[in-house]
Amino acid sequence: AVTNVTTGTNATAGTTDTAGTTGTTATTKKQSSAYVKYLLSYEGMVRHQDLEYDATSVRMNNIFKRVQTLGKKDDDEEEEEEDGETITIPEGMLTYLQMRRCLSRIGVKCTTTSDDVTDYNDN
C-alpha cells in the first residue's frame, strides 16, 4: 500500500491516482514555496525603499529650510516683488531668488545666460 501525501489515505499498488497526485503535490508545494519566497523578498525591497525615501525626504526638507533661511532678504520680509506687485511666498516654497541669495552668502558666484539679470540682482 502507498500513502497519498495530500489526503493521508492508503491506496493499493495498482492505482495511478496516488502516484500522479504525489508528484503534482510536491511540484505545487515547491512552486508555492518559491512564490512565498519571492513575495517576502519583494516586500522587504519595498520596505527598504520606503525607509530610503523617508530618510531622503527628511534630509531634503532640512536642506530646503537652510536655503530659505540663508536666502531671506536682509529686512526679513516674507514677500517678494514681481512686476511691481507684492506676492506672498507660500510656506515650504523655495524661490529662485532665495537660492541665489543663499549661494551668494556662502560665496558661490551665480552666473546666468540671460542678458536681463536686473530682476535677480537682489543681494
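In the next few minutes I will go through the overall architecture of this chain, then its two helices, and a few side chains in them.

What you have in front of you is a predicted model, so let me begin with confidence. The mean pLDDT of the chain is 75, and 63% of its residues reach 70 or more. Over residues 13–20 the pLDDT is below 50, and that stretch makes 4 contacts in the model once near neighbours in sequence are set aside. Where pLDDT is low, the predicted coordinates should not be read in detail. Taken element by element, the lowest mean pLDDT, 50, belongs to strand β1 at residues 2–3, whereas helix α2, residues 96–105, has the highest, at 87.

As for the architecture, the chain contains 2 helices and 4 strands, and from the N terminus the order of these elements is β-β-α-β-β-α. Of the 123 residues in the chain, 13% are buried. The exposed area of the chain is about 10000 Å², and 54% of that comes from carbon and sulfur atoms. If we take the contacts with a separation of 6 or more, 40% of them join residues that lie 24 or more positions apart.

Let me turn to helix α1, which spans residues 16–70 and includes Tyr 38. Tyr 38 belongs to a nonpolar patch on the surface, together with Leu 39, Tyr 42, Met 45 and Val 46, and these residues have about 500 Å² of accessible area together. Tyr 38 itself counts as exposed, because its relative accessible area is 53%, and the cut-off for that class is over 50%.

In the same helix, α1, we find Arg 47 and Glu 43, which are 4 residues apart and therefore separated by about one helical turn. An α-helix has 3.6 residues a turn, so residues three or four places apart point the same way. Arg 47 and Glu 43 form a salt bridge, with their closest N and O atoms 2.8 Å apart, and the salt-bridge count comes to 1. Arg 47 is exposed, at a relative accessible area of 53%, while Glu 43, at 35% relative accessibility, is classed as partly exposed.

Further along, what is the situation of Gln 68, buried or exposed? Gln 68 is also a residue of helix α1, and with a relative accessibility of 17% it counts as buried, because the limit for that class is under 20%. The side chain of Gln 68 reaches the backbone oxygen of Met 93 at 2.7 Å. Beyond its neighbours within four places in sequence, Gln 68 is in contact with Gly 92, Met 93, Leu 94 and Gln 98.

One of those partners, Gln 98, takes us to helix α2, where it is buried along with Leu 97, Arg 100, Arg 101 and Cys 102. After α2 comes Gly 107, which has a positive phi, near 95 degrees.

To close, I would come back to the contrast in confidence, with helix α2 having the highest mean pLDDT among the elements and strand β1 the lowest, and to residues 13–20, where the pLDDT is below 50.

Terms used: Residues numbered from 1 in each chain as written. Predicted model: local features only at pLDDT ≥ 70, side-chain atom pairs only at ≥ 80, totals over all residues. Heavy atoms only, no water. Patch = residues over 30% accessible without salt bridge, like charges linked within 9 Å, V, L, I, M, F, W, Y side chains within 5 Å. Areas by Shrake-Rupley, 256 points an atom, 1.4 Å probe, with all protein chains shown as cover. Salt bridge = Lys/Arg side-chain N within 4 Å of Asp/Glu carboxyl O. Buried < 20%, exposed > 50% of the residue type's maximum accessible area, 1.4 Å probe, protein only. pLDDT = per-residue confidence, 0-100. Contact = heavy atoms within 4.5 Å. Polar contact = N/O pair within 3.5 Å; in protein donor to acceptor, adjacent residues only side chain to side chain.
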